Amino acid sequence: MNPLSANPQVATHQLRCVHCGKVQETADRMFRCSECAELLEVIYPEWATAQPGFALRLKEIWQERRGSPLAENASGVWRFRELLPPVDRQHMVTMSEGNTPLVPLKKATRTLRLPQLLVKHQGMNPTGSFKDTGISAAITMAKAEGFSWVCCASTGNTSASVAAYAARAGMKSIVLLPAGQVAGGKLAQALEYGAHVLQLRTDFDGCMKILHEVVRRFPAYLLNSLNPYRLEGQKTVAFELMEQLEWKLPDHVIVPGGNLGNASALGKGFSELRDLGLIKSLPKISIIQATGANPLVRSMRENGGEKLIRVNAETRATAIRIGNPASWRKAVGVLRNTGGACEEVSEKEIALAKAELGAEGIGCEPASAATLAGLKKLTATGCVKATETVVLVLTGHMLKDVDYMKQAPGQSLLGPMEPDGDTVIRTLEQIYARP
Ligand code: F0G
């Protein structure tokens, strides 16, 4: 019996290679295609035979779960479980991830002359970044498979999330970080949650290389986004966003690009909604990289995305300091399917965009601000039109990287000064007199 026809509880799944298309039931611990060693994606063959009305019923079910105290309904990931691999409730590792705000920008909407510009603030997740949705899904699979150790390489946010979710699950975590290149807030989180933090004298790409060896030689479950279950959790942002927009499709969604898992997950989420008939078309999904860490931009520009051009990455937006992104092929697919653009922004443009968001009361990390910087370019080139609704995905919380702020221009930090009323009032009068 098709489980979807009677009771939309279960979605059986398979793994399909994104390159050669080979379908397999299970994966090895590196989550690579057994034929060509490319990345895998989760597919749900059952959906093709689901009864008409199945998808419409989902909308109601998801809506009903809102406000439910049950952990699997309170989660912004597992609330959408009909479109996720089936898992036993006892294995679910969740902290009400997702459920993040969608906030309209006012000043930027006016300056860019757009009808509607919104930010989906994924920095409001339990550990302050979008990673939590993906880690909840993937660590749940690890628990179901009986692992007691998990591991990742990270520019910081993945490590914070892995450490926290492992602690919740009663598992042990290993994180490999590029020594001296991780923002202080993120490192503090990994330590607080009890991860074994190994700082390696290399960059993120070097850490990924060593992680392969760790997974081969140590019984730890890999939680980087080349694990296809990560993307299953992260794709739910598309579902949640559509609910928040009352199923009115935005024209354009913009994400920062690092290892390119997030752009891939977002594209997958929207494609699945379209295939199920819940939306009629796809929004354009655009990916923004820092100029100093632009392997996808270069690959799209120089060979149409046929081959990855690796770069030696350098940017102060350390979250996206990645030169050899694992999910580049998936991301190219998203750009092609949705007609989105791939753009790069300078360090200056990122800093300015971050300050502009801050001036609207929206704090985020530098990598997230790349989306606004990118949007400015996309409106200038006509890729985003003056009639279009745009959503920027802000990926991380401002407090992750406070050191970045110390070098930001235009801040009003005065003193130290004498603690007397006259001094303070004189200073305030000078500020008040400014134009
Ligand atoms: N924004 C933030 C705040 C991130 O932490 C990351 C990635 C990205 C954007 C890029 O997302 O890799 O899916 O393209 N951080 C990873 C980490 C690499 O280890 O925390 P992506």
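In this predicted model, the second largest cavity holds about 30 Å³ of space. The largest cavity has a volume of about 290 Å³, and the space taken by the ligand is this largest cavity. Open pockets are present as well, and the largest of them has a volume of about 680 Å³. The points below take the second largest cavity, the ligand and its cavity, the pockets, and two features of the backbone in turn.

**The second largest cavity**

- The lining of the second largest cavity is made up of Trp 78, Leu 84, Pro 85, Ala 137, Met 141, Tyr 229 and Glu 232.
- Two helices, H5 (131-144) and H9, each contribute at least two residues to the lining of the second largest cavity.
- By class, six of the residues lining the second largest cavity are nonpolar, none is polar and one is charged.

**The largest cavity**

- The count of cavities of 30 Å³ or more comes to two, and the largest has a volume of about 290 Å³.
- A total of 26 residues line the largest cavity, and those nearest its centre are Phe 130, Lys 131, Gly 258, Asn 259 and Ala 319.
- Two or more residues of the lining of the largest cavity come from each of H6, helix H9 (228-234) and H11.
- H11 provides the largest share of the lining of the largest cavity, with three residues.
- The lining of the largest cavity comprises 10 nonpolar, 13 polar and three charged residues.

**The ligand and its shell**

- The ligand is surrounded by 21 residues, and the closest are Ser 154, Asn 157, Asn 259, Leu 260 and Thr 395.
- Asn 259 is thus named both among the closest residues to the ligand and among those nearest the centre of the largest cavity.
- Ser 154 places a polar side-chain atom 2.7 Å from an oxygen atom of the ligand.
- Leu 260 approaches through its backbone, where an N or O atom lies 2.7 Å from an oxygen atom of the ligand.
- For Thr 395, a polar side-chain atom lies 2.7 Å from a nitrogen atom of the ligand.
- On its own the ligand has 470 Å² of accessible area, and the protein covers 99% of this area.
- Helix H6 (157-169) and helix H11 (261-275) each give at least two residues to the shell around the ligand.
- The shell around the ligand consists of seven nonpolar, 12 polar and two charged residues.

**The largest pocket**

- The volume of the largest pocket is about 680 Å³.
- The largest pocket is lined by 27 residues, and Arg 16, Glu 41, Lys 268, Ser 271 and Asn 337 are the closest to its centre.
- Strand E3 (40-43), H11 and helix H13 (328-338) each supply two or more residues to the lining of the largest pocket.
- H13 makes the greatest contribution to the lining of the largest pocket, with nine residues.
- H11 therefore appears in two settings, as it supplies residues both to the lining of the largest pocket and to the shell around the ligand.
- The residues lining the largest pocket are 11 nonpolar, seven polar and nine charged.

**The second largest pocket**

- The second largest pocket contains about 380 Å³ of space.
- Its lining has 15 residues, and Arg 32, His 212, Arg 310, Asn 324 and Ala 326 lie nearest the centre of the second largest pocket.
- Helix H8 (residues 204-217) provides the largest share of the lining of the second largest pocket, namely five residues.
- The lining of the second largest pocket divides into seven nonpolar, three polar and five charged residues.

**Backbone features**

- The peptide bond that runs from Gly 415 to Pro 416 is cis, and its omega is near 5 degrees.
- Pro 416 belongs to the loop between helix H16 (402-406) and helix H17 (421-433).
- Phe 31, a residue other than glycine, has a positive phi, near 55 degrees.
- The location of Phe 31 is the loop between strand E2 (23-24) and E3.

Note on methods: Residues are numbered from 1 along each chain as its sequence is written. This is a predicted model: local features need pLDDT of at least 70, side-chain atom pairs count only at pLDDT 80 or more; totals for chains, interfaces and linings use all residues. Side-chain values use heavy atoms; hydrogens and water are left out. A residue is near a molecule or strand if one of its heavy atoms lies within 4 Å of it. A polar contact is a pair of N or O atoms within 3.5 Å; within protein, one must be able to donate a hydrogen and the other to accept it, and residues adjacent in sequence count only if both atoms are side-chain atoms. Accessible areas come from the Shrake-Rupley method with a 1.4 Å probe; for residues, only the protein chains shown count as cover. On a 1 Å grid over the protein atoms alone, a cavity is a set of points where a 1.4 Å probe fits but cannot get out, and a pocket is an open set with protein on both sides within 12 Å along at least five of seven lines; lining residues have an atom within 4 Å of a point. A molecule sits in a cavity or pocket if more than half of its atoms lie within 2 Å of its grid points. Helices (H or I, at least four residues) and strands (E, at least two) are DSSP runs, numbered from the N terminus. Ala, Val, Leu, Ile, Met, Phe, Trp, Tyr, Cys and Pro count as nonpolar, Asp, Glu, Lys and Arg as charged, and the others, Gly among them, as polar. Grid points are joined across faces, edges and corners, and a volume is the space filled by probe spheres set on the points.
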